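Good morning. I will talk about one ligand site and one strand, in that order. Please have the structure open in front of you.

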Amino acid sequence: MKVTRLPVDTGPAAWNRILPPQEPAKVLEENITADWLVIGGGFAGLAAARRLSQLHPGDRIVLLEAKRIAEGPAGRNTGFMIDLPHHLTSEGYGGQMEKDRAEAAANRAGIAFAAEMAAEFGLSREAFNPSGKINAAATERGHKHNLDYAQHLSNLNEAHQLLDAKQMHEMTGTTYYQSGLFTPGAVMIQPALFVRGIARSLKANHISIFENCPVTQLTRNGEWTARTPGGHVSAPKVILGVNGHANSFGKFKGRLMHIHLYGSMTRALTPEECRKLGGADRWGVTPADPMGSTVRRISGTGGDRIIVRNRFTYDPTMQVSEGRVARMAQDHSKGFAARFPMLDGVRMEYRWGGRLCLSRNNVPALGEVDEGLYSACCQNGLGTAKGTLHGMLMADLASGNGSDLLDQVMDQPRPSRLPPNPFAYIGANAALRWSEIKAGKEI
Ligand SMILES: Cc1cc2nc3c(=O)[nH]c(=O)nc-3n(C[C@H](O)[C@H](O)[C@H](O)COP(=O)(O)OP(=O)(O)OC[C@H]3O[C@@H](n4cnc5c(N)ncnc54)[C@H](O)[C@@H]3O)c2cc1C
């Protein structure tokens, strides 16, 4: 099978840019064999490699990543590793009780696996911070979403705390927010620091990670052979951790929705600007309306900065232009100016776009999709937690290591069919735009 599209990432992966440079990439320059091959070095691929190394100590495990680790979506997201259901396409994140309970339990298993790696590999609090997160409301409608969501959490018996405008001001330094809803189970990660830390430790644990090695062809002749420009890897079993690029490997065609999200990060704030801003030096808020802005204030490697993420587009080609990123960034600057008038004059240093993958029925693209070929793809927008979970579970499935959790996660339908293009393209973008307009000041 010829791989039909290779990943294209538009704009810089800001979280990675603010870190010290990585050691040079190890590139595949020969033909090798392995016991296990993992394709993709995001949350799913790294978790799969880690799990394989636990289940098969001594086996030769190879991971191939098309770019550098942390340059793809894994280093472009906003770093909310969320335990509770967080459906981007819903009105207020929540759904049905039993389904939500099961989903929270599964997300928590993913987060627990990430936490174990963070502890064992000695990652810093900056990389992995189990601080919980806040759903911030900037409008009456957003506040109502928060109240409804709080009621849903009470019904689920989930811990939460409502914050008023004063508490939100004290935390964020801005008077923009009317209320907040704190939930304690989320982990805030510096995504690039996290995935780089995991990859470095996996390499130290004898997993071979080759970067800048896009798989251009994957064929099976007894065992699987993945070709890259510099050489190939042959292995009896392969795990695909390429998220929406499962389509590029010919899998789940017409069933995956390719969405782009956009982010901007300010330059480092001066001590005087930090003083003017006030509030805590680290916080993160997701929007009460899923179509609104996610905002983070960070303090650490790379200084004190603010990140704004908003706008969604549906892009079946999995690729967007620099011009599109620049247009979306205007909305980041507007959202930033409205929230932080005291930081007038602070400009965005980095602006970027990144892919994520959804299915219409909000289920992942998992399982043995060909003999010895396993898919850990389609994380439905919550790839930090679900990607980790699915990578771990597909390593279990490929190893014959059953569990109730594996049965639960596999007991979901396949991603359902999308309407054909251009209907899907026009319809999805129109629906996204309408939802964004309705979100109003939450953006
Ligand atoms: C702006 C933005 C904000 C987001 N915020 C959040 C958030 O706060 N919380 C959250 O949970 N999620 C968030 N997401 C989504 C999250 O980033 C993704 O869901 C997550 O990265 C998916 O993990 P993954 O490992 O499945 O795929 P990816 O992280 O996309 O990793 C797949 C890897 O496969 C590689 N690859 C693809 N094709 C090939 C090939 N042919 N050969 C070799 N390698 C290949 C890619 O280069 C890539 O590195 C956000 C995304 C964006 C863009």
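Start with the shell around the ligand: 19 nonpolar residues, 14 polar and four charged. Here Ala, Val, Leu, Ile, Met, Phe, Trp, Tyr, Cys and Pro count as nonpolar, Asp, Glu, Lys and Arg as charged, and the others, Gly among them, as polar.

This is a predicted model, where local features need pLDDT of at least 70, side-chain atom pairs count only at pLDDT 80 or more, and totals for chains, interfaces and linings use all residues. Residues are numbered from 1 along each chain as its sequence is written, and side-chain values use heavy atoms, with hydrogens and water left out.

Which residues are the closest to the ligand? They are A44, E65, F80, Q379 and T384, out of 37 that surround the ligand, meaning that a heavy atom lies within 4 Å of it. Two of the polar contacts (N or O atoms within 3.5 Å) go to oxygen atoms of the ligand: the side chain of T384 at 2.7 Å and the backbone of A44 at 2.9 Å. Alone, the ligand exposes 1,000 Å², and the protein buries 97% of that (Shrake-Rupley method, 1.4 Å probe).

Strand β19 gives the most residues to the shell, three. Strands are DSSP runs of E, at least two residues, numbered from the N terminus.

β19 pairs with β15 in the antiparallel sense over 10 bridges; pairing needs at least two DSSP bridges. One bridge joins I259 to L356 in β19. Because 10 of the 10 residues of β15 are buried, that strand is largely enclosed by the rest of the structure. Buried means under 20% relative accessible area, with a 1.4 Å probe and protein chains only.

Definitions and conventions: A polar contact is a pair of N or O atoms within 3.5 Å; within protein, one must be able to donate a hydrogen and the other to accept it, and residues adjacent in sequence count only if both atoms are side-chain atoms. Helices (H or I, at least four residues) and strands (E, at least two) are DSSP runs, numbered from the N terminus. Buried means under 20% relative accessible area, exposed over 50%, partly exposed in between (1.4 Å probe, protein chains only).
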